[in-house]
Amino acid sequence: MGCWQHLIPIFAVFDFLQFLQSSRSNIVCPTDFSEPAHEGLKIARELTTQFSSEILLVHVVTPLPAMHGGAAPTGFHIPAVLKELEGSAKSSLEEIRREKLPAEIQARMIVIHGKPAHEIVSLASQEKADIIVIATQGESGWQRFVFGSVAEKVVRHADCPVLTIRAPNPEEE
């Protein structure tokens, strides 16, 4: 293994950082309002401060599972529930904006509906994002097998670089 193989990732990061410094950039920062997502936001905030970027703080409202057999609970109106979830997400994003981001940072709060990984990648592409900063939940074993990893899917499908932030492990602190 030659010494140049180790330098290629460093050059790629250096080129990306130079790009961030030379132009206005967009940083997509998805959140599910969890503690790991707040850790991801901290890193996005630092990047934004360093490179005069705009944060696109995004939450994806996932589709409700289909009820088979026609036995829907009485008074359960799916469009109304989705509208309530969207309203709650918008309020939570505004609260994060007020409490976790300084006023001088430009940020847009975006709520979209769909499958999280797909919608995050689509939004990043539409907005011509320069980077996605996403937290991992630290799931392993059967939970990861059953639910999959949104961060992993985003890494595999995004057109732009993706910075994953590992969930804090209380046992390591």
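In this predicted model, helix α2 lies across strands β1, β2 (54–61), β4 and β5, and runs at about 150 degrees to β4. Helix α6, formed by residues 150–157, also packs on the sheet, where it touches β4 and β5, and its direction makes about 160 degrees with that of β4.

The sheet on which these helices lie is open and is built from five strands, which follow one another in the order β3-β2-β1-β4-β5 with parallel pairing. Its edges are formed by β3 (106–113) and β5 (162–165), each of which pairs on one side only, and from one strand to the next the twist averages 20 degrees. Within this arrangement, strand β1 (residues 26–30) and strand β4 (residues 131–135) run parallel and are joined by two bridges; Ile-27 stands opposite Ile-131 of β4.

The surroundings of one residue of helix α2 were examined further. Gly-40 lies in this helix, which spans residues 35–51, and, because buried residues are those under 20% relative accessible area, its relative accessibility of 1% places Gly-40 in the buried class. When neighbours within four places in sequence are left aside, the residues in contact with Gly-40 are Cys-29, Val-133, Ala-135 and Ile-165. Of these, Cys-29 falls within the range of β1 (residues 26–30), while Val-133 and Ala-135 fall within that of β4 (residues 131–135), and Ile-165 belongs to the edge strand β5 (162–165). Gly-40 and Ala-167, although 127 residues apart in sequence, are separated in space by 8.6 Å from C-alpha to C-alpha.

Notes. Residues numbered from 1 in each chain as written. Predicted model: local features only at pLDDT ≥ 70, side-chain atom pairs only at ≥ 80, totals over all residues. Heavy atoms only, no water. Helix = DSSP H or I, 4+ residues; strand = E, 2+ residues; numbered from the N terminus. Buried < 20%, exposed > 50% of the residue type's maximum accessible area, 1.4 Å probe, protein only. Contact = heavy atoms within 4.5 Å. Pairing = 2+ DSSP bridges. Axes fitted to C-alpha atoms, helices over the stretch in contact; angles between N-to-C directions.
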